[in-house]
Amino acid sequence: MILRAPAKLNLCLYVGPRRDDGLHEIRSLFEPLELADELRISAADADEVICEGIEGPDLTATALAALREQGWEGPRLRIEVTKRIPVAAGLGGGSADAAAVLRLAMGEVEGLRSIAAGIGADVPSQLQPRPCLVAGAGEVIEPAPPPGEHAVVLIPQSEGLATAAVYAEADRLGAPRGDAELEAIRRRLRDAVDEGGSPLEYREHLVNDLQAAAISMRPEIEDALRALEEAGAAHAMVTGSGPTAFGLYPSVDRAATAAAELRGRFPDVIATGPLTP
């Protein structure tokens with residue numbers, strides 16, 4: 001069996017106060033991308049997870065162990081993960097892999113969303129990869145209509161950023177948004193996406209409160225953002241906790257042309273688009 005684990009793009013990310021559990025309250029709009037890791041699954045004598053480019057335990061192994069702890073009696077598995085989503089890039093690659101494993105037990109284990117939340121804040125939204133509005137620390141999910149046509153160009157960095165470190169830097173740089181403001185933002189995002197238009201039609205809502213922190217820790221991100229704008233991006237920003245910069249384009253062809261222009265400066269540039277049903 002081969003499973004695909006789509007990357008997750010934060011089209012926006014608004015950050016509120018730190019909660020008692022240490023996580024921050026957020027409001028965000030997620031969309032899954034065609035860019036995806038691949039999980040090759042086969043029967044084995046004992047559970048084994050092999051993930052290229054990852055040293056030590058990763059979220060894929062954590063997810064499989066969590067299913068066993070909940071009594072899942074599926075066959076012992078060997079899971080080989082081929083990474084296509086850059087690691088620690090703000091694209092939710094590890095969470096996507098974990099969610100793909102949890103989907104193996106869909107309908108067989110109760111409380112998969114709770115299990116997902118225990119693994120990582122981004123995992124619940126990726127149990128069913130689809131556009132969604134996200135609240136809480138990532139565990140409160142509202143499905144959103146499929147967006148109108150657009151495409152994405154990603155410029156990852158050679159080194160990732162630790163999510164916790166970026167949030168800590170954001171806390172140092174300024175006060176988070178209050179609960180009332182976050183709720184007003186949620187309503188505005190709901191109104192914006194309900195029409196099912198392209199995110200290019202509501203660019204004023206595409207804000208990332210972690211962008212300044214990511215740039216503070218990795219100033220070269222600004223070069224990537226500027227390059228995307230010079231290559232015709234209608235909107236450019238950082239996704240998630242970074243350090244990946246992304247640009248939005250009106251079509252796949254326009255994104256592919258921009259990626260070709262940028263490849264000389266940024267060899268790891270990726271042109272992709274929203275996951276199609």
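1. Cover of α5. In this predicted model, the buried residues of α5 are covered by elements including β1 (2-18), β2 (24-43), β5 (132-135) and β6 (140-143). The residues in question are Leu182, Ala184, Ile185, Leu189, Arg190, Ala192 and Val193. Note that Arg190 is listed as buried.

2. Geometry of α5. The helix runs over residues 179-194, 16 residues in all. From first C-alpha to last it reaches 23 Å, close to the 22 Å expected at 1.5 Å a residue. Gly196 follows α5 and has a positive phi, near 70 degrees.

3. Cavity count. Two cavities of 30 Å³ or more are found. The largest has a volume of about 80 Å³. The second largest has about 60 Å³.

4. Largest cavity. Its lining holds 13 residues, and the closest to the centre are Leu29, Pro131, Pro145, Pro147 and Tyr202. β2 gives the largest share of this lining, with three residues. By class, the lining has ten nonpolar residues, two polar and one charged.

5. Second largest cavity. Which residues line the second largest cavity? They are Pro6, Ala7, Lys8, Phe30, Glu31, Pro32, Ser125, Gln126, Pro129, Arg130 and Cys132. β1 and β2 each supply at least two of them. The split for this lining is six nonpolar, two polar and three charged.

6. Recurring strand. β2 deserves a look in the viewer. It is among the elements that cover the buried residues of α5. β2 also contributes three residues to the lining of the largest cavity, and at least two to that of the second largest.

Notes: Residues numbered from 1 in each chain as written. Predicted model: local features only at pLDDT ≥ 70, side-chain atom pairs only at ≥ 80, totals over all residues. Heavy atoms only, no water. Helix = DSSP H or I, 4+ residues; strand = E, 2+ residues; numbered from the N terminus. Expected span 1.5 Å × (residues − 1). Buried < 20%, exposed > 50% of the residue type's maximum accessible area, 1.4 Å probe, protein only. Contact = heavy atoms within 4.5 Å. 1 Å grid on protein atoms, 1.4 Å probe; cavity = no way out; pocket = protein on both sides within 12 Å on 5 of 7 lines; lining within 4 Å. Points joined across faces, edges and corners; volume = space filled by probe spheres on them. Nonpolar A, V, L, I, M, F, W, Y, C, P; charged D, E, K, R; others polar.
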